[in-house]
Amino acid sequence: MLDSSMILPALVTLTVLCGLYARIDVYGAFVRGAKEGLGTLLDMLPYLCAMLTATALLRETGVLGRLEMWLAPVLCALGLPGEIAPVALLRPLSGSAALASVQDVLETMGADSRAGRIACVISGASETVFFTGALYLGAAGVKRSGYAMPAAMIAYTAGVLAAGWMISP
């Protein structure tokens, strides 16, 4: 019987055996794939640095704090707790910053509070839209994203509203 810790080694072994059976240079294929992967990493690195810098600038200059103060009453008018504003603003930009905001909500409001549950759903069920968009569209060489980013933000907003409305007060 396979233990769950043996699944990955078993898959790797199976892949190597299938490659050997098909008379493929498994090691050479691995090295070529690793080389291509490193090239992709190097292509993505400038976009990654730009998004991390932009997120840090927004946070450190206080712009994010002002946006949170503006967004909290809007969320309250929509029937959502204002305490989720930092999570809702940060999640499209940075997953780690959003997780720190979720932790703040959980510490101040409690894990079983409505705000805590909504913050967890937003963080767990949504994507870092700008980060992912900048990273992958940039790495793919897409200069004009057309409707991709606006459509992604509309979907993200719908997800935030749905999370808040589905979790009862």
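A nonpolar core is a set of buried Ala, Val, Leu, Ile, Met, Phe, Trp, Tyr and Cys residues joined through side-chain atoms within 4.5 Å. Keep that in mind as you look at the structure above, which is a predicted model.

Let's start inside. The largest nonpolar core here has 20 residues, and the members that touch the most others are Leu75, Ile84, Val87, Ala119, Ile122 and Tyr156. Which elements give two or more residues to this core? They are α3 (63–77), α4, α5 (95–109), α6 and α8 (148–166). The biggest giver is α8, with five residues. As a general rule, nonpolar side chains in soluble globular proteins tend to be buried together.

Now zoom in on Ile84. Skip its neighbours within four places in sequence, and you'll find Ile84 in contact with Leu75, Ala115, Ile118, Ala119 and Ile122.

Next, hop over to Ala88, which sits in helix α4 (residues 85–90). Is Ala88 buried or exposed? Its relative accessibility is 10%, so Ala88 counts as buried, given that the cut-off for buried is under 20%. Not counting residues up to four places away in sequence, Ala88 touches Tyr156 and Val160. For a sense of distance, try finding Phe30: it is 58 residues from Ala88 along the chain, and the C-alpha atoms of the two are separated by 40 Å.

Tyr156 turns up again when we visit Ser126. This serine lies in the loop between α6 (114–125) and α7 (129–139). At 19% relative accessibility, Ser126 counts as buried, because the line is drawn at under 20%. Leaving out neighbours within four places in sequence, Ser126 is in contact with Tyr156, Arg91 and Val121. There's also a link to Ile122: a polar atom of the Ser126 side chain lies 2.3 Å from the backbone oxygen of Ile122.

Time to head for the surface. Helix α1 covers residues 7–21, and Leu8 is part of it. With a relative accessible area of 60%, Leu8 is exposed, since exposed means over 50%. Leu8 has company out there: together with Ile7, Leu11, Val12, Leu14, Val16, Leu17 and Leu20, it makes a nonpolar surface patch of about 750 Å².

Finally, follow the chain to Arg23, in the loop between α1 and α2 (26–60). What is the phi of Arg23 near? The value is near 60 degrees, which is positive in a residue other than glycine. Arg23 is exposed too, with a relative accessible area of 79%.

Definitions and conventions: Residues are numbered from 1 along each chain as its sequence is written. This is a predicted model: local features need pLDDT of at least 70, side-chain atom pairs count only at pLDDT 80 or more; totals for chains, interfaces and linings use all residues. Side-chain values use heavy atoms; hydrogens and water are left out. Patches are made of residues with over 30% relative accessible area and no salt bridge: like charges are joined within 9 Å, nonpolar side chains (Val, Leu, Ile, Met, Phe, Trp, Tyr) within 5 Å. Accessible areas come from the Shrake-Rupley method with a 1.4 Å probe; for residues, only the protein chains shown count as cover. A salt bridge is a side-chain nitrogen of Lys or Arg within 4 Å of a carboxyl oxygen of Asp or Glu. Helices (H or I, at least four residues) and strands (E, at least two) are DSSP runs, numbered from the N terminus. Buried means under 20% relative accessible area, exposed over 50%, partly exposed in between (1.4 Å probe, protein chains only). A polar contact is a pair of N or O atoms within 3.5 Å; within protein, one must be able to donate a hydrogen and the other to accept it, and residues adjacent in sequence count only if both atoms are side-chain atoms. Contact means heavy atoms within 4.5 Å.
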